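Q: Please take a close look at one part of this structure, the smaller details of how its helices are arranged and what they touch. A connected account in plain terms would help.

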Amino acid sequence: MAEAVKSITRWDRIAASRQFKDLMATKRIFIVPAFIFFVVYYFALPVLVGYAPAFLSTKVIGNVNIAYLFALSQFFVAWIIAGLYVKAANDFDRLSKDIIEKGDGQGGN
Amino acid sequence: MSTSLVMFMVFIVVTLGITYWASKRSAGSSAYFAAGRQIKAWQNGVAVAGDYMSAASFLGIAGLIAFFGYDGFMYSVGWLVAYLTVLLVVAEPLRNAGKYTMADVLAYRLKARPVRAMASLSTLTVSTFYMIAQMVGAGTLVALLLKDSGIKFPAAVIGVGVLMIIYVVFGGMLATTWVQIIKAILLIAGTILLSILVLAHYGFSLGAFFDAIGHVTYRDAKGQEVVKDFLTPGLQYRPPYGALNLISLGIALIFGTAGLPHILVRFYTVPDAKTARHSVVWAMVLIGSFYIMTTFLGFGAATIVGQDFIKKNGGTNMSAPLLAQALAGNVFFAFISAIAFATILAVVAGLTISASTSFAHDFWTNVVHKGVERAPGEEVRVARVAAFVVGFVAMGIAILLGPTANVAFLVALAFAVAASANLPVIVLSIFWRRFNTTGAVLGLAVGLLASIGLILVSPSIMGIDPPTVVGAARHAIQAKPWFPLDNPAIVSVPLGFLAAILGTLLTKEPEAEAKFNELLVRSNTGLGAEKAVAH
């Protein structure tokens with residue numbers, strides 16, 4: 001029982017620390033907007049295909065229409081978001097490393 | 001056609017060799033279930049791609065584009081973008097806080113037994129439906145490709161089933177991983193070759209290629225010759241429900257992928273969350289490149305082979321192999337067919353190992369025996385037996401359903417269950433302090449029942465056919481469908497979330513809230529995460 005109480009306080013202490021709050025804030029600043037952006041950008045495709053097929057059928061270059069280009073752009077947007085995330089995540093790793101080093105130093109599990 | 005047989009044999013011999021090699025390195029739970037957590041980022045990325053790009057991707061999408069043009073390409077888009085949910089939301093927390101299965105993360109701060117029992121049920125449901133679809137596909141394909149050698153549907157299903165059981169039972173996660181890596185490399189190579197051949201057919205002019213897509217000639221249902229622009233949306237999804245169907249499909253794909261047990265378990269095979277992250281990016285590069293190239297496979301089949309010919313020679317699923325035959329003859333046809341076979345084997349092996357791991361780790365050890373492994377190695381032994389059972393059940397059902405069964409809805413079902421049952425509870429468990437056991441059990445149960453129930457009353461199962469339609473093409477229930485959409489996700493995903501939230505709000509579980517900080521710190525920092533096993 002004493003063990004349980006001890007371990008609870010340890011995690012709670014880390015969760016309440018300045019460093020951990022910084023980590024969570026740094027993550028949130030990237031992940032929340034990135035998630036909302038990709039969901040909106042993705043669902044724009046089935047919504048437009050479903051409700052505005054005539055507009056999407058407008059030809060742009062030769063026989064290539066907006067529908068195909070928009071679908072193709074989804075791949076590149078997904079890759080760009082993934083790339084940006086990996087870049088941003090280097091900061092998450094740096095912040096996590098400090099917390100882990102400090103956390104491990106406190107021993108126990 | 002015996003060239004096909006030779007190529008199948010080469011693949012089988014190589015993969016069995018790998019299984020033998022892996023079997024000597026699969027001692028212990030962590031080695032068997034998670035390949036010792038030693039898989040490198042690029043290897044896991046390629047394996048995720050190999051685990052994910054199923055027969056539905058390679059044969060199915062090529063066929064859908066060949067017959068429905070642009071609308072088929074919509075699947076390609078959703079199947080890649082879905083990985084952003086995996087990358088941004090689930091991969092790293094899962095690796096940081098779990099051990100072998102998705103339920104590890106759920107059970108962290110909730111009552112282990114009810115949560116694991118439900119999660120295991122949902123995992124087995126998703127994996128089994130998905131596996132049956134793959135096996136019927138494999139049986140049809142192999143029987144068709146090897147029809148001159150006298151191999152029939154049941155024999156083909158048994159062949160695939162026995163191979164996947166051998167990979168999983170003897171080689172564990174390590175063998176499964178390498179089978180998936182080899183398959184992914186073969187699949188990408190074959191797809192690049194086919195794409196180049198399609199372009200070469202049009203004198204390497206994208207303009208000429210897209211012009212040809214603008215005038216695809218085929219005979220419609222009444223036998224009349226029609227010319228259509230296949231790049232225009234609406235060949236498959238038409239009013240009144242086309243738009244809702246597309247959105248519902250999108251929801252199932254975007255939120256279902258991050259709840260597919262056989263994809264999630266792959267993230268336990270790498271040393272840490274950073275490697276898991278990099279492996280998702282590797283997978284996205286491969287999967288995205290592949291799906292962009294389905295443009296050439298699908299539209300190539302539509303313009304060069306034509307759906308009239310495909311219909312008479314094995315149907316939609318044969319579009320890609322027939323395209324290979326039209327462009328480069330029988331040897332290339334055999335090569336592409338062997339790749340399709342390898343594709344199915346790698347996916348069913350991944351499904352089998354995730355199902356048997358969940359049964360052994362979640363149900364046997366943690367539900368039945370309350371988290372105590374009674375003898376060393378018991379969990380692995382149980383998993384091996386479970387792999388046998390899962391494999392035989394899937395073989396049996398696939399043979400019973402027969403080669404002409406409509407299996408597309410089984411894949412839709414797998415994604416819908418994953419999106420409606422698994423994803424809501426994973427997300428809420430990681431992000432919502434108040435979330436508790438009642439919420440998780442209710443969310444899993446309602447998500448599971450809602451998606452299965454809605455599919456049973458959807459146009460996939462219910463419909464009124466004229467008497468001329470016979471056999472497997474007839475709807476199972478001859479009545480007007482109660483639910484108008486093929487994919488239930490647009491209703492069942494919100495229901496899954498709603499049930500999980502309501503269940504939580506109706507009960508109080510201070511223990512679960514108290515342990516939230518631990519899960520929060522662990523899943524976000526990797527403190528105390530499972531380490532790689534040194535050799």
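A: From the N terminus on, the elements of chain A follow the order α-α-α-β-β-α. That comes to four helices and two strands. The model is a predicted one. Chain A has 109 residues, and 24% of them count as buried. Among the contacts in chain A with a separation of 6 or more, 66% are between residues 24 or more positions apart.

Chain A also touches chain B. The contact takes 45 residues from chain A and 41 residues from chain B. On the side of chain A, at least two residues each are supplied by helix H1 (2-16), helix H2 (18-51), helix H3 (53-56), strand E2 (64-65) and helix H4 (66-105). H4(A) gives the largest share of that side, 17 residues. Sorted by class, the side of chain A that touches chain B has 34 nonpolar, nine polar and two charged residues.

Now to chain B, beginning with helix H10 (residues 242-256). H10(B) has 15 residues and reaches 20 Å from its first C-alpha to its last, close to the 21 Å expected at 1.5 Å a residue. Of these 15 residues, 13 are buried, so H10(B) is largely enclosed by the rest of the structure.

One helix that meets H10(B) is helix H5 (residues 70-97) of chain B. Two packed helices are described by the angle between their axes and the distance between the axes. For H5(B) and H10(B), the axes come within 7 Å and cross at roughly 40°. That angle makes H5(B) oblique to H10(B), because angles under 35 degrees would count as roughly parallel and those of 65 to 115 as roughly perpendicular. The crossing of the two is right-handed. H5(B) brings Met74(B), Gly78(B), Trp79(B), Val81(B), Ala82(B) and Thr85(B) to the contact, and H10(B) brings Leu246(B), Leu249(B), Gly250(B), Leu253(B), Ile254(B) and Phe255(B). By class, this contact has nine nonpolar, three polar and no charged residues.

Another pair in chain B is helix H14 (residues 319-368) and helix H15 (residues 378-401), which pack at an angle of about 130° with their axes 8 Å apart. H14(B) is therefore oblique to H15(B). H14(B) passes H15(B) in a right-handed crossing. Residues of H14(B) in the contact include Thr352(B), Ala355(B), Phe359(B) and Trp364(B), while those of H15(B) include Glu379(B), Val382(B), Ala386(B) and Val390(B). The residues of this contact divide into nine nonpolar, six polar and one charged.

Two single residues of chain B complete the account. Gln134(B) lies in helix H7 (residues 112-145) of chain B. Gln134(B) has 28 C-beta neighbours inside 10 Å, so it counts as buried; the cut-off is 20 or more. Leaving aside neighbours within four places in sequence, Gln134(B) is in contact with Ser54(B), Ala55(B), Ile344(B), Val347(B) and Val348(B). The C-alpha atoms of Gln134(B) and Val331(B) are separated by 25 Å, and the two residues are 197 residues apart along the chain.

Ile192(B) lies in helix H8 (residues 153-201) of chain B. With 14 C-beta neighbours inside 10 Å, Ile192(B) counts as partly exposed. Ile192(B) and Thr294(B) are 102 residues apart in sequence and 9.9 Å apart in space, C-alpha to C-alpha.

Key: Residues numbered from 1 in each chain as written. Chains lettered and ligands numbered in written order. Predicted model: local features only at pLDDT ≥ 70, side-chain atom pairs only at ≥ 80, totals over all residues. Axes fitted to C-alpha atoms, helices over the stretch in contact; angles between N-to-C directions. Parallel < 35°, antiparallel > 145°, perpendicular 65-115°, else oblique. Left-handed = near helix turned anticlockwise from the far one by under 90°. Contact = placed C-beta atoms within 7 Å. Nonpolar A, V, L, I, M, F, W, Y, C, P; charged D, E, K, R; others polar. Expected span 1.5 Å × (residues − 1). Buried ≥ 20, exposed ≤ 12 C-beta atoms within 10 Å, placed from the backbone.
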